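The report below reads one model from its overall contacts down to single residues. Please keep the sequence and the coordinates at hand while following it.

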Amino acid sequence: MTKSKNYKGQGFGSKLFQQALSCAREQKKAKVWLGVWERNYAALKFYNKQGFKQIGAHVFQLGDDAQRDLLLQLEL
């Protein structure tokens, strides 16, 4: 088992994410948004569970590989 797998499912991502949302709310932000690779199914599931909705997409160039990122938004 790799080191990163030791931390999966422990809730660390959710805690960090909630802290980021708390900071956004403290700063009176109405929305937060992010980009995520369309094939990162675990991340998409996580963000969907958090209430994010897709608002667009764009190409993210990773070396010679053009990847499609989905743009997600959450209204606070």
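## Contacts and overall build

Counting contacts in the protein between residues at least 6 apart in sequence, 52% of them join residues at least 24 apart. The model from which this figure comes is a predicted one, and its C-alpha trace spans about 40 × 35 × 20 Å along the principal axes.

The protein contains three helices and three strands, which follow one another along the sequence in the pattern α-α-β-α-β-β. Of its 76 residues, 21% count as buried.

## The nonpolar core

In soluble globular proteins, nonpolar side chains tend to be buried together. Here the largest nonpolar core has 13 residues, and the members that touch the most other members are V36, Y47, F52 and L72. At least two residues of this core are supplied by each of α2 (12–26), β1 (31–37), α3 (41–50) and β3 (65–75), and the core thus draws on helices and strands alike.

Y47 shows how such contacts are distributed: when residues up to four places away in sequence are not counted, Y47 touches F17, L34, V36, F52 and L72.

## Packing of α2 against α3

Two packed helices are described by the angle between their axes and the distance between the axes. For α2 and α3 the angle is about 50 degrees, and the axes lie 12 Å apart. That angle makes α2 oblique to α3, and the crossing of the two helices is right-handed.

Which residues meet where α2 and α3 come into contact? From α2 the participants are G13, S14, F17 and Q18, and from α3 they are F46, Y47 and Q50. Two of these residues, F17 and Y47, also appear as a pair in the contacts of Y47 described above.

## Two buried residues

L21 lies in helix α2 and counts as buried because its relative accessibility is 5%, below the 20% limit that the term requires. Leaving aside neighbours within four places in sequence, L21 is in contact with V32, L74 and L76. The C-alpha atoms of L21 and F52 are separated by 12 Å, although the two residues stand 31 residues apart along the chain.

Q73, found in strand β3, has a relative accessibility of 17% and therefore counts as buried too. With neighbours within four places in sequence again left aside, the contacts of Q73 are K31, V32, W33, G51, F52, K53 and I55. V32 is thus in contact with Q73 as well as with L21.

## The salt bridge

How many salt bridges does the protein have by the rule applied here? The count comes to one, and this salt bridge is formed by R68 and E38, whose closest N and O atoms are 2.7 Å apart. The pair links distant parts of the chain, since R68 belongs to strand β3 while E38 sits in the loop between β1 and α3, 30 residues apart.

Are the two partners buried or partly exposed? R68 is partly exposed, with a relative accessible area of 38%, and E38 is likewise partly exposed, with a relative accessible area of 25%. Both values lie between the limits of 20% and 50% that bound this class, and neither partner therefore counts as buried.

Technical notes. Residues numbered from 1 in each chain as written. Predicted model: local features only at pLDDT ≥ 70, side-chain atom pairs only at ≥ 80, totals over all residues. Heavy atoms only, no water. Core = buried A, V, L, I, M, F, W, Y, C linked by side-chain atoms within 4.5 Å. Buried < 20%, exposed > 50% of the residue type's maximum accessible area, 1.4 Å probe, protein only. Helix = DSSP H or I, 4+ residues; strand = E, 2+ residues; numbered from the N terminus. Contact = heavy atoms within 4.5 Å. Salt bridge = Lys/Arg side-chain N within 4 Å of Asp/Glu carboxyl O. Axes fitted to C-alpha atoms, helices over the stretch in contact; angles between N-to-C directions. Parallel < 35°, antiparallel > 145°, perpendicular 65-115°, else oblique. Left-handed = near helix turned anticlockwise from the far one by under 90°.
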